Amino acid sequence: MSDPAVPRPPKKIHGARLPHLLRVRSDRIPMNGGTAKAAMTFRAGAPVVVSEPGLLIGADVGGTGIKAVLADPDGTVHARIARPTAAEGSPYATLVHVLDTLAGEALDAGQPLSGIGAAVPGIVDRHTGTVVRATNLDWHELELTHRLRHRYAVPVTVDHDARAAADAEWAARAAVGEQVEDAAFVPIGTGIAAALRIGGRTVTGARCAAGEFGHVVVVAGGEPCTCGGHGCLEAYASASAIGRRYERAGGRRLPDAAVVAQSISSDPVAARVWVEAVDALARGLVGLIALSDPELVVIGGGLSSAGAVLLNPLRSRVAAQLPWRRPPRIEQSLTGPEAGQLGALLLAGARRTPEPVVRSLRV
Ligand SMILES: [Zn+2]
């Protein structure tokens with residue numbers, strides 16, 4: 001366990017109040033109200049006394065940033081916050097800072113906190129809430145559910161970020177009438193993962209480690225990867241790998257891999273790095289498609305914002321490598337970079353009422 005830091009008490013709220021993440025119905029936001037406030041106390045390190053109904057927090061814990069949302073069970077958003085993962089000195093300290101902030105928002109709104117969901121990359125034991133291994137966070141055997149339950153005294157659910165984000169994506173599609181039974185959700189950001197849905201059920205694997213798609217080898221003896229292996233998909237096609245490979249190939253340092261995508265028509269280095277990334281991604285997807293036969297592959301995460309620049313060549317390369325069958329649809333995600341937060345919110349509400357959260361998704 002690498003993150004024992006206990007953050008300082010929460011500051012007065014500083015995040016933007018109310019947001020555009022979901023459809024906001026301001027007439028339904030109870031402020032300063034009612035008996036719920038009397039039933040609640042909150043201070044750092046002390047329990048929040050829960051009464052029903054209350055507010056939920058969904059936190060998307062990423063290798064680069066932590067984003068979280070405070071909402072009521074029908075999905076009406078009260079507050080959101082985003083912090084660089086290292087902002088408070090360690091990922092755990094930043095997560096607690098984010099949660100303290102939103103718990104403070106709940107206090108201001110006169111409502112108790114009634115659940116927390118956290119979406120975490122790496123290998124996450126969803127049954128115990130232990131983060132077995134999250135390389136990008138340097139977390140090993142971190143009993144995250146236990147810690148957060150102790151600190152906030154509310155139900156806490158922790159799961160793999162790609163699976164949580166995928167649940168939000170399928171919920172968003174269901175909200176517009178598309179029922180997805182067999183599909184893959186592939187978020188591409190700091191890393192690459194895949195959440196497989198087969199026969200309407202999410203695949204978790206024997207040790208909750210299914211979906212580490214980024215570590216499928218696509219180039220034998222290729223580039224070193226953070227996992228210790230070589231030639232992994234993630235070492236070629238993640239947003240961070242694209243930026244790193246572009247810079248190493250002679251390009252300038254860029255703030256975002258999306259800039260590489262925007263430069264491919266005028267910058268031959270960007271074009272080459274981009275083509276190599278798309279080729280690697282296509283090779284990985286061909287294996288995934290051959291094994292699981294999805295009807296739909298959804299590309300999510302930050303890199304999906306590249307849109308057609310990514311999807312068009314990806315579709316043609318995947319089709320070219322599957323001459324023996326019709327390829328599945330490959331589409332950009334509906335939930336975009338908010339999928340992780342929404343999925344975490346679904347986790348937070350899973351014990352009670354997931355459907356109203358679904359209804360409030362902006363699609
Ligand atoms: Zn790897």
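This report walks through a predicted model of one protein chain, from overall make-up to individual elements.

**Overall make-up**

The protein chain holds eleven helices and 13 strands. It has 363 residues, and 51% of them are buried. Take the contacts between residues at least 6 apart in sequence: 66% of these join residues at least 24 apart.

**Strand S1 and its partners**

Strand S1 covers residues 55-61. How many of its seven residues are buried? Seven of the seven are, and the strand is mostly covered. In a regular strand the side chains alternate between the two faces of the sheet. In S1, Leu55, Ile57, Ala59 and Val61 point one way. Leu56, Gly58 and Asp60 point the other way. Residues of both sets are buried.

S1 pairs with strand S2 (residues 65-71) and with strand S4 (residues 113-120), as the table sets out.

| Strand pair | Sense | Bridges | One bridge pair |
|---|---|---|---|
| S1 and S2 | antiparallel | six | Gly58 in S1, Val69 in S2 |
| S1 and S4 | parallel | six | Leu55 in S1, Leu113 in S4 |

The link from S1 to S2 is a hairpin of three residues.

**The three-stranded sheet**

Strands S5, S6 and S7 form an open sheet in the order S5-S6-S7, with antiparallel pairing. Strand S5 (123-125) and strand S7 (139-143) are the edge strands. Each has a single partner strand, so one side of each lacks a neighbour in the sheet. From one strand to the next, the twist averages 10°.

Strand S6 (residues 130-134) and S7 are joined by four bridges and run antiparallel. Thr130 has Glu143 in S7 as its bridge partner. Helix H3 (residues 144-152) lies across S6 and S7. Its direction makes an angle of about 45° with S7.

Arg207 sits in the loop between strand S11 (201-202) and helix H5 (234-237). Is Arg207 buried or exposed? It counts as exposed, because it has 9 C-beta neighbours inside 10 Å; the cut-off for exposed is 12 or fewer. Arg207 and Val124 are 83 residues apart in sequence, yet their C-alpha atoms are 8.6 Å apart in space.

**Helix H4 against helix H10**

Two packed helices are described by the angle between their axes and the distance between the axes. For helix H4 (residues 161-175) and helix H10 (residues 339-349), the angle is about 90° and the axes are 7 Å apart. The two helices are therefore roughly perpendicular. H4 contributes Asp161, Ala164, Ala165, Asp167, Ala168, Glu169 and Ala171 to the contact. H10 contributes Ala339, Gly340, Leu342, Gly343, Ala344, Leu346 and Leu347. These contact residues comprise nine nonpolar, two polar and three charged.

**Helix H8**

Helix H8 has 25 residues (residues 268-292). What span should those 25 residues have at 1.5 Å a residue? The expected value is 36 Å, and the end C-alpha atoms are 36 Å apart, so the two agree.

An α-helix has 3.6 residues a turn, so residues three or four places apart point the same way. The buried residues of H8 include Ala270, Val273, Trp274, Ala277, Val278 and Leu281. Arg283 and Gly284 are also among them. The buried residues of H8 pack against two strands, S9 (183-187) and S12 (296-300). They also pack against H5, helix H6 (239-248), helix H7 (257-262) and helix H9 (308-320). Just after H8 comes Asp293, with a positive phi of about 50°.

Notes:
Residues numbered from 1 in each chain as written. Predicted model: local features only at pLDDT ≥ 70, side-chain atom pairs only at ≥ 80, totals over all residues. Axes fitted to C-alpha atoms, helices over the stretch in contact; angles between N-to-C directions. Parallel < 35°, antiparallel > 145°, perpendicular 65-115°, else oblique. Contact = placed C-beta atoms within 7 Å. Nonpolar A, V, L, I, M, F, W, Y, C, P; charged D, E, K, R; others polar. Buried ≥ 20, exposed ≤ 12 C-beta atoms within 10 Å, placed from the backbone. Pairing = 2+ DSSP bridges. Expected span 1.5 Å × (residues − 1).
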